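Hi,

Here is the structure I said I'd pass on. Have a look at it first, and my notes on what turned up are underneath.

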Amino acid sequence: MYKIAVLPGDGIGPEIVPEAIKVLEAVSRLYDIEFQYTEALIGGAAIDKRGQALPPETLELCYQSDAVLLGSVGGPKWDTLPAEKRPETAALLPLRKKLGLYANLRPAYLFAPLAEASPLKKEVVSGTDLLIVRELTGGLYFGEKKREKTVTGEVAYDTMVYTTEEIERIVRLAFTIARQRRRHLTSVDKANVLTSSRLWRDTVERLKNEYPDVTVTHMYVDNCAMQLVRRPDQFDVIVTENTFGDILSDQASVLTGSLGMIPSASIGGRVALYEPAGGSAPDIAGQQKANPLAMILSAAMMLKYSFKLDQAAAAVESAVDRVLAEGYRTQDIYSPGTKVVGTAAMGDLVRQELERETRWKKS
Ligand code: NAD
């Protein structure tokens, strides 16, 4: 039995999380696996009810679980709070840090039926199937920072700090993942300008000898940003530091049509965290307009990375593919000639497709 901490959070979170659970329940029946779900508060919902974004009982539940499934946090209601109290900074960053989640995995995979929903030309995005491995607990977001008054105004700085150990563990993880895919690793840095990037590149160069079956390419981050929209099919696994990864993974997300299609996994500790790449989407929250597929695909990543249920994960992904091939869309991925459905209806369709296909394969 696997224990799952369920943290719906804010905005569209409480709408999309039940759809992922619906699909997990079907997996449970079809593959004879038991999941136990325990729900807890996080983000703005936790601020409202408990006075803090990450209450101790939520953290304790995460520690006691085998994996965490998170909807999203934040929204306009809490935007005016001081930075250190806001849902993202006060809930997500400490949660990732406390769980020791140093790697964020974000796939950008183009489901063929969605080629029309991409802002790029079909011939450019066709064949996109990449995974960004982003370092999550070091670099610019965690280095020393300061803002202070000077005689003429103010001065502010942030520092990008990396140690050999931090780089080694994320790069090793990326090599291991590349081995399970097409064995091509692109290491992204800014080694022509940044000292921390030079250490990054030297470390990759040293480690690559241990993975002779993986091809390594180094790329500057500015070039990578351009290549992602020019020829995304050249990438398999991209490994990069925190800030570059934050920006590149959002850029990569639109290749495949919508933020509502991109799952993510934060791994590295005993308990991993799975959440959609997008935020709480306050503009559409509470209207059954949110795309639940990123959440459902995040649950599929949980099956694969936390529970090693690769077959069940692949079955969920292919159920999503078939629902899209049948022409069903949420509004964010709509294109003329397709059928718009709401959040819960999309979850039902994936569940039905999963049940149909799995029964057929088993019979
Ligand atoms: P957002 O990702 O919430 O929304 C950006 C756009 O993408 C919106 O138009 C939204 O409708 C759309 N979108 C996102 N997910 C979607 C889905 N599943 N289906 C359909 N459309 C979807 O980003 P934002 O507007 O910059 O931020 C809104 C709030 O979310 C802020 O409070 C921010 O702090 C928070 N946020 C949280 C997380 C997280 O929980 N991990 C991440 C990013 C932003």
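**Where the two domains meet**

Two salt bridges are counted between domain 1 and domain 2. One to pull up on your screen is Arg106 with Asp250, where the closest N and O atoms are 3.1 Å apart. Bear in mind as you look that this is a predicted model.

On how the chain is split: domain 1 is made of 1–116 + 260–363, and domain 2 covers 118–256. As for the contact itself, domain 1 puts in 20 residues and domain 2 puts in 25 residues. If you compare the C-alpha centres of the two domains, they sit 24 Å apart.

The area buried between domain 1 and domain 2 comes to about 2200 Å², and carbon and sulfur atoms account for 60% of that. On the polar side, 10 residue pairs are in polar contact between the two domains, counting pairs with both residues at pLDDT 80 or more.

Which elements give two or more residues to the side of domain 1 that touches domain 2? They are α4 (87–98), β4 (103–109) and β11 (263–267). Of these, β4 gives the most, with seven residues. By residue type, that side of domain 1 divides into 14 nonpolar, two polar and four charged residues.

If you only have a minute, start with β4, which gives the most residues to the domain 1 side, and then go to the Arg106 and Asp250 salt bridge.

Cheers

Terms used
Residues are numbered from 1 along each chain as its sequence is written. This is a predicted model: local features need pLDDT of at least 70, side-chain atom pairs count only at pLDDT 80 or more; totals for chains, interfaces and linings use all residues. Side-chain values use heavy atoms; hydrogens and water are left out. Domain bounds come from an automatic or database domain assignment. Contact means heavy atoms within 4.5 Å. Buried area is the accessible area (1.4 Å probe) that two parts lose on being put together, summed over both. A salt bridge is a side-chain nitrogen of Lys or Arg within 4 Å of a carboxyl oxygen of Asp or Glu. A polar contact is a pair of N or O atoms within 3.5 Å; within protein, one must be able to donate a hydrogen and the other to accept it, and residues adjacent in sequence count only if both atoms are side-chain atoms. Helices (H or I, at least four residues) and strands (E, at least two) are DSSP runs, numbered from the N terminus. Ala, Val, Leu, Ile, Met, Phe, Trp, Tyr, Cys and Pro count as nonpolar, Asp, Glu, Lys and Arg as charged, and the others, Gly among them, as polar.
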